[in-house]
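Let's take a walk through a protein structure together. Keep the picture open beside you as you read, and turn it whenever a new part comes up.

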Amino acid sequence: MQRITREPLDVASLLGDTENDTCGAFVVFGGTVRNHHQGRGVAGMRYSAYEPMAERVLEELEEETRRRFGVAECRIVHRIGELGIGETSVLVAVRSAHRGDAFSAGQYAIDTLKERLPVWKEDFYTDGSRGYQDGTPLATAGVAGPDDGGGHGDR
Amino acid sequence: MLDVQFYGVLEQVAGTRSLQVELVDDAVTVDQVLERLRGQVPALSEHLPRVACAQGDALVRRADPVDPTRPLVLLPPVSGGAMGTQEGS
């Protein structure tokens, strides 16, 4: 399945794709485009990705999250292209036997995504200007990122 | 010639999506390519310390040899997911 997409994200289809009778809980995290950033009005934004690597990072993060927290299902999708205010940029769905694991796994997945996924955000401000948001250096950058111990990219 | 590709803010700074860097010999490291790039596009200099590099679907380290048959992709600090952590999500 495609994890990086230009199409609008749909919570219902993500839940449908992850149905699992062994699970008694699901948690979904959704990130949406907000109308302000660091005190400036935002009218929209554009997400771009280095897709060959981004697809692999998400696939590996899903697997890592399932293994680390013992949850049955983890699925992550990220939208790219131009998005308007209120539109969904990312969805993380986790299903597990009990709710505690699902909450923990979902938080881990979105926090780790922000450190590893080669995706960039360009804000369109309400004053007509635009600019890339600063972010987190990836693991092999000259200045060490948060995952300098190895991470996904060393193979 | 090695194809070097830019993403995110680097595309804006370089003013192009990609450019060619001449390789003087086959045994060239990522670091050496970045050094040559610094000469070709001085505006990239301040960004390079925080840039990671990839070939294909995997990151490569600065000391790794470059595969001259595949583009070297320069990746600035990433900002995927929801909004920045400073303001909460």
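What percentage of the 89 residues in chain B is made up of buried residues? The answer is 35%. Bear in mind as you look around that this is a predicted model.

Let's stay with chain B for a while. Chain B holds 2 helices and 5 strands, and going along its sequence you meet them in the pattern β-α-β-α-β-β-β. Its C-alpha atoms fit in a box of roughly 50 × 25 × 20 Å along the principal axes. If you take the contacts in chain B with a separation of 6 or more, 52% of them link residues that are 24 or more positions apart.

Now find the sheet of chain B. Its 5 strands lie in the order S2-S1-S5-S3-S4, forming an open sheet with mixed pairing. Strand S2 (18-21) and strand S4 (58-60) of chain B are at the edges with a single partner strand each, so each has one side left without a neighbour in the sheet. From one strand to the next, the twist averages 35°.

Zoom in on one edge of this sheet. Strand S3 (residues 52-55) of chain B runs antiparallel to S4(B), and 3 bridges join the two. Here you can spot B:Cys53 standing opposite B:Val60 in S4(B). Lying across strands S1 (2-6), S2, S3, S4 and S5 (72-75) of chain B is helix H2 (residues 30-40) of chain B, which runs at about 110° to S2(B).

Time to move over to chain A. Here 4 strands form an open sheet, again with mixed pairing, in the order S1-S5-S7-S2. Strand S1 (4-5) and strand S2 (25-32) of chain A are the edge strands, pairing on one side only. S2(A) pairs with S7(A) in the antiparallel sense over 8 bridges; in this pairing, A:Gly31 has A:Val90 in S7(A) as its bridge partner.

Two helices pack on this sheet. H2(A) touches S1 and strand S5 (73-79) of chain A, with its direction at about 155° to that of S5(A). H3(A) touches S2, S5 and S7 of chain A, and its direction makes about 145° with that of S7(A).

H3(A) lets us try a small check. At 1.5 Å a residue, its 18 residues should span 26 Å, and its end C-alpha atoms are indeed 26 Å apart, so the two agree. The buried residues of H3(A) include A:Ala102, A:Ala105, A:Ile110 and A:Leu113, and charged ones such as A:Asp101 and A:Lys114 are also among them. These buried residues of H3(A) pack against S2, H2, S5 and S7 of chain A.

How do the two chains meet? There are 34 residues of chain A in contact with 30 residues of chain B. On the chain A side, helix H2 (51-69), strand S7 (88-96), helix H3 (99-116) and strand S8 (119-125) each give two or more residues. That side of chain A is made of 16 nonpolar, 11 polar and 7 charged residues.

Finally, look for the largest nonpolar core, which has 58 residues. B:Cys53 and B:Leu75 have the most contacts inside this core, while H2(A) gives the most to it, with 6 residues. Setting aside neighbours within four places in sequence, B:Leu75 is in contact with residues of both chains, among them A:Tyr50, A:Pro118 and A:Leu138 as well as B:Tyr7, B:Val51 and B:Cys53.

Conventions:
Residues numbered from 1 in each chain as written. Chains lettered and ligands numbered in written order. Predicted model: local features only at pLDDT ≥ 70, side-chain atom pairs only at ≥ 80, totals over all residues. Contact = placed C-beta atoms within 7 Å. Core = buried A, V, L, I, M, F, W, Y, C linked by C-beta atoms within 7 Å. Buried ≥ 20, exposed ≤ 12 C-beta atoms within 10 Å, placed from the backbone. Pairing = 2+ DSSP bridges. Axes fitted to C-alpha atoms, helices over the stretch in contact; angles between N-to-C directions. Expected span 1.5 Å × (residues − 1).
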